[in-house]
Amino acid sequence: RLVLADGVAHVAAKLNCDLIVDMATLTGAQGVSTGIHHALILANTEELERDVIAAGKASGDMVHPGLFAPELLMHEFDSEFADLKNSVANRNNAQSSCAGLFIHQHLVQCGYTGI
C-alpha cells in the first residue's frame, strides 16, 4: 500500500494528469464488500463512478460503488507518531473504502486536484 501510494503521488506531482486510475486489490476486504463477481470502484466524483459502472455493464465486468467518505473514514488512520498509519483502527469499518482513501490522501497531500 505504501509503494502504491508513493507511486500515484509521484505520477500526480510529475505527469500533470487529469485522471489517475489505480487498479489494485489493496485488501482482501474488497471480496467481502462486493463478492467474487463484482469489482469495487472508489471514485471522488459521481460522474466517474457512473461512467465506470456503465463501462462495466457494457463489457460484462460488473462494478459496484464503494463508499467515498473521507469525512467519515479518515480517522481510521489517525496516529500518534505519523501523518497516517498504514492500517485501519477498526477492521469492521469499510476496509475497502479506507484502503482507497489511504491512496487518495497521498494524492491530496501532494496537491493533486484531479479525479
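The buried residues of α5 pack against α1, α2, β1 (39-41) and α4 (70-73), so let's start the tour of this predicted model there. Helix α5 covers residues 95-109. Of its 15 residues, 11 are buried, so the helix is largely enclosed by the rest of the structure. If you want to find them on screen, the buried set begins with Ser96, Ser97, Cys98, Ala99, Gly100, Leu101, Phe102 and Ile103, and it is completed by Gln105, His106 and Leu107. As for its geometry, 15 residues at 1.5 Å a residue should span 21 Å, and the end C-alpha atoms of α5 are indeed 21 Å apart, so the two values agree. After the helix comes glycine 111, with a positive phi near 90°.

Now for the nonpolar core. In soluble globular proteins, nonpolar side chains tend to be buried together. The largest core here has 15 residues, and the members touching the most other members are Ile20, Phe77, Phe102 and Leu107. Two elements, α1 and α5, give two or more residues to this core. The biggest contribution comes from α5, with 5 residues.

Phenylalanine 77 deserves a look of its own. Once you set aside its neighbours within four places in sequence, Phe77 is in contact with Arg1, Asp83, Leu84, Lys85, Ser87, Val88, Cys98 and Phe102. Two of those partners, Cys98 and Phe102, are among the buried residues of α5.

Next, the loop between α1 (2-14) and α2 (29-34), where you'll find methionine 23. Is Met23 buried or exposed? Its relative accessibility is 78%, and because the cut-off for exposed is over 50%, it counts as exposed. Met23 also joins Leu19 and Val21 in a nonpolar patch on the surface, and the three together have about 360 Å² of accessible area.

Asparagine 16 sits in that loop between α1 and α2 as well. Asn16 is exposed, with a relative accessible area of 72%. Its backbone is worth a check too: most residues other than glycine have a negative phi. Asparagine 16 has a positive one, near 55°. Alanine 94 is another non-glycine residue with a positive phi, in this case near 50°. You'll find Ala94 in the loop between α4 and α5, and its 29% relative accessibility makes it partly exposed.

Over to α3 (residues 46-59) for the charged side chains. How many salt bridges are there? The count comes to 1. Glutamate 46 and arginine 50 meet through their side chains in a salt bridge, at 3.9 Å from N to O. Why does the spacing suit a helix? The two residues are 4 apart in α3, which means they are separated by about one helical turn. An α-helix has 3.6 residues a turn, so residues three or four places apart point the same way. Both Glu46 and Arg50 are exposed.

Just one last stop: asparagine 44, in the loop between β1 and α3. Asn44 is partly exposed, with a relative accessible area of 29%. If you want a ruler across the model, pair it with asparagine 90: the two residues are 46 apart along the chain, and their C-alpha atoms are separated by 23 Å.

Key. Residues numbered from 1 in each chain as written. Predicted model: local features only at pLDDT ≥ 70, side-chain atom pairs only at ≥ 80, totals over all residues. Heavy atoms only, no water. Patch = residues over 30% accessible without salt bridge, like charges linked within 9 Å, V, L, I, M, F, W, Y side chains within 5 Å. Areas by Shrake-Rupley, 256 points an atom, 1.4 Å probe, with all protein chains shown as cover. Salt bridge = Lys/Arg side-chain N within 4 Å of Asp/Glu carboxyl O. Buried < 20%, exposed > 50% of the residue type's maximum accessible area, 1.4 Å probe, protein only. Core = buried A, V, L, I, M, F, W, Y, C linked by side-chain atoms within 4.5 Å. Contact = heavy atoms within 4.5 Å. Expected span 1.5 Å × (residues − 1).
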